[in-house]
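Opening the notebook on this one. I want to jot down what I look up as I go.

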Amino acid sequence: LLVSKELGKHLLEVEDLLQKHGLLEADIAAQTERVRALNSAALRFSELEGYQPCDPQIICNRVNHVQTCLEELGELAGKRRKELEDSRQLWAFFQEMEEAESWIREKEQILAAKTCGRDLSSVLTLTTKHKSMLGELGNRRALLHQTVKKGEQILAKKRFSPGAIQEKMREVRQRWKKLEEVTGLHQQRLQEALNFFQFSAETDDLVAWLQDTYRIVSSDDFGHDDYSTQALLRKHRAVVEEVEKHRAAILALRKQLALLAPEHRQGVDVQIRVVEVEQLYGEVAEVAVLRQQWLQDALAVYRMFSEVHACEVWLDEKEQWLEKMEVPEELDEVEVVQHRFESLDQEMNSVMGRVLDVNQVVQQLVDGGHPSSEEVRSCQDHLNGRWNRVVELVEQKKTQLSSILKIQNYLLEC
């Protein structure tokens with residue numbers, strides 16, 4: 001049993017042989033105690049004095065022979081165990097390598113069947129799964145390194161033919177290298193798909209924002225008075241600032257497109273999409289400028305109307321006063337009225353400046369092609385007519401006052 005050359009043809013068989021060998025070792029250990037007891041009893045016969053049933057030398061030789069046989073049996077048992085353990089190490093190595101190959105084949109099949117997703121959500125899910133697989137790959141790499149180290153230790157002992165061991169290590173290393181290459185390639189494809197779908201999502205967000213902004217800047221609401229138009233203009237200026245802030249993102253689209261993988265950046269749809277976004281941004285920026293000008297024109301119109309109203313209120317008041325005023329014939333009363341006209345002249349100089357400002361604003365609006373040009377022009381004509389009417393009345397009253405003063409002065413001289 002101990003000199004048997006049977007070392008097993010696989011790990012389970014070696015484990016079975018080791019188990020049987022363990023029983024044999026236990027049996028040897030039990031017989032060792034019995035042999036020791038028998039040898040001890042036999043040696044006592046060699047020490048008898050007087051009558052000796054057997055030659056003491058024969059007894060000693062026999063004891064030594066049995067002891068030597070027992071020691072040889074122990075050595076054979078130790079050698080057999082060492083051989084079996086080496087065999088177990090060998091077949092454990094082959095089994096671990098087979099498990100590694102099986103794991104590699106499984107991952108190769110998974111990677112071969114994997115896609116890179118159809119949208120951003122699916123790509124992110126696949127990326128998370130791939131990261132988990134990379135973790136498994138790292139753990140398996142460490143285990144494979146330990147197994148290869150075991151194989152090198154087996155080769156160093158030179159107990160078995162190195163050909164099969166070296167061939168298995170070479171095969172597994174090659175498959176592992178190929179798996180890492182495929183894994184890296186899949187990771188690269190996932191990253192390229194992620195970049196593309198992120199680019200598409202950002203582009204879609206830009207388009208949605210531009211469409212919303214276009215609806216805002218193309219609004220036909222310009223307010224109904226000075227206050228509401230000023231509020232709209234403040235809001236619009238904030239929108240214009242946002243449009244300007246997005247200019248960098250629009251300009252960066254081409255650079256981002258150039259960084260995509262060829263299969264993504266060369267697609268007709270994505271190139272058309274970029275052109276559409278650039279054109280839409282140009283339209284938004286252009287309409288935003290127009291709306292700002294229109295709001296400013298509307299504000300100018302409302303302020304002009306407000307100024308016209310203030311002027312006309314003053315003109316109404318002075319016109320009524322002038323029409324109702326009767327030039328007095330008494331000198332004292334004439335001097336009072338004359339002082340009033342001196343104050344009126346100062347007011348008229350001030351109002352005349354405001355009327356001139358209104359005329360200037362109207363001219364700017366008309367020259368700029370304002371849609372309310374006719375209404376503005378009509379308002380201007382009406383104000384100028386009222387102003388001329390008051391100026392005529394003032395001149396008439398001044399002429400009358402001048403005549404009365406001449407008469408009074410003539411009478412005084414007389």
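My entries below go through a helix, some salt bridges, a surface patch and one long distance.

**Entry: ground rule**
I'm working from a predicted model, so no experimental coordinates here.

**Entry: helix H6**
I started with H6, which covers residues 247-259, 13 residues in total. From first C-alpha to last I get 19 Å, close to the 18 Å expected at 1.5 Å a residue. Where does H6 bend? I find the bend at Leu253, and it comes to about 35°.

Then I checked which H6 residues are buried: Ile250, Leu253 and Leu257. So Leu253 turns up twice in my notes, as the site of the bend and as one of the buried residues (the cut-off is under 20% relative accessible area). What do the buried residues of H6 pack against? I noted three helices as their partners: H4 (162-217), H7 (262-265) and H8 (268-324).

**Entry: salt bridges**
I ran the search over the whole structure and got 28 salt bridges. I wrote up three pairs. As a reminder to myself, side chains of opposite charge can pair when their charged atoms come close.

Pair one is Lys157 with Asp86, 3.5 Å from N to O. Lys157 sits in helix H3 (residues 120-157) and Asp86 in helix H2 (residues 56-113), so I have this down as a link between distant parts of the chain, 71 residues apart. Is each partner buried or exposed? Lys157 has 39% relative accessibility and therefore counts as partly exposed. Asp86 has 5%, so I put it down as buried.

Pair two is Arg273 with Asp204, at 2.8 Å from N to O. This pair also links distant parts of the chain: Arg273 belongs to helix H8 and Asp204 to helix H4, with their positions 69 residues apart in sequence. I looked up accessibility for both. Arg273 is partly exposed at 29%, and Asp204 is partly exposed at 38%. I note that H4 and H8 were already in my H6 entry, as helices that the buried residues of H6 pack against.

Pair three is Arg389 with Glu323, 3.3 Å from N to O. Arg389 lies in helix H10 and Glu323 in helix H8, so the pair ties together parts 66 residues apart in sequence. Arg389 is partly exposed, at 32% relative accessibility. Glu323 is partly exposed as well, with a relative accessible area of 45%. Which residues share this network? I traced Asp316, Glu319, Glu323, Arg386 and Arg389, joined into one network by salt bridges that share partners.

**Entry: surface patch**
Next I went looking for nonpolar surface. I found a patch of about 240 Å², made by Val3, Leu73 and Leu76. Val3 comes from the segment before helix H1 (11-45). Why does Val3 count as exposed? Its relative accessibility is 59%, and the cut-off for exposed is over 50%.

**Entry: a long distance**
Last, I picked Glu395, which is in helix H10 (residues 373-413). At 43% relative accessibility Glu395 counts as partly exposed. How far is its C-alpha from that of Leu124? I get 87 Å between the two C-alpha atoms, for residues 271 apart along the chain. H10 is also the helix that holds Arg389 from pair three.

Technical notes: Residues numbered from 1 in each chain as written. Predicted model: local features only at pLDDT ≥ 70, side-chain atom pairs only at ≥ 80, totals over all residues. Heavy atoms only, no water. Patch = residues over 30% accessible without salt bridge, like charges linked within 9 Å, V, L, I, M, F, W, Y side chains within 5 Å. Areas by Shrake-Rupley, 256 points an atom, 1.4 Å probe, with all protein chains shown as cover. Salt bridge = Lys/Arg side-chain N within 4 Å of Asp/Glu carboxyl O. Helix = DSSP H or I, 4+ residues; strand = E, 2+ residues; numbered from the N terminus. Buried < 20%, exposed > 50% of the residue type's maximum accessible area, 1.4 Å probe, protein only. Expected span 1.5 Å × (residues − 1). Bend = angle between axes of the 7 residues up to and from the residue. Contact = heavy atoms within 4.5 Å.
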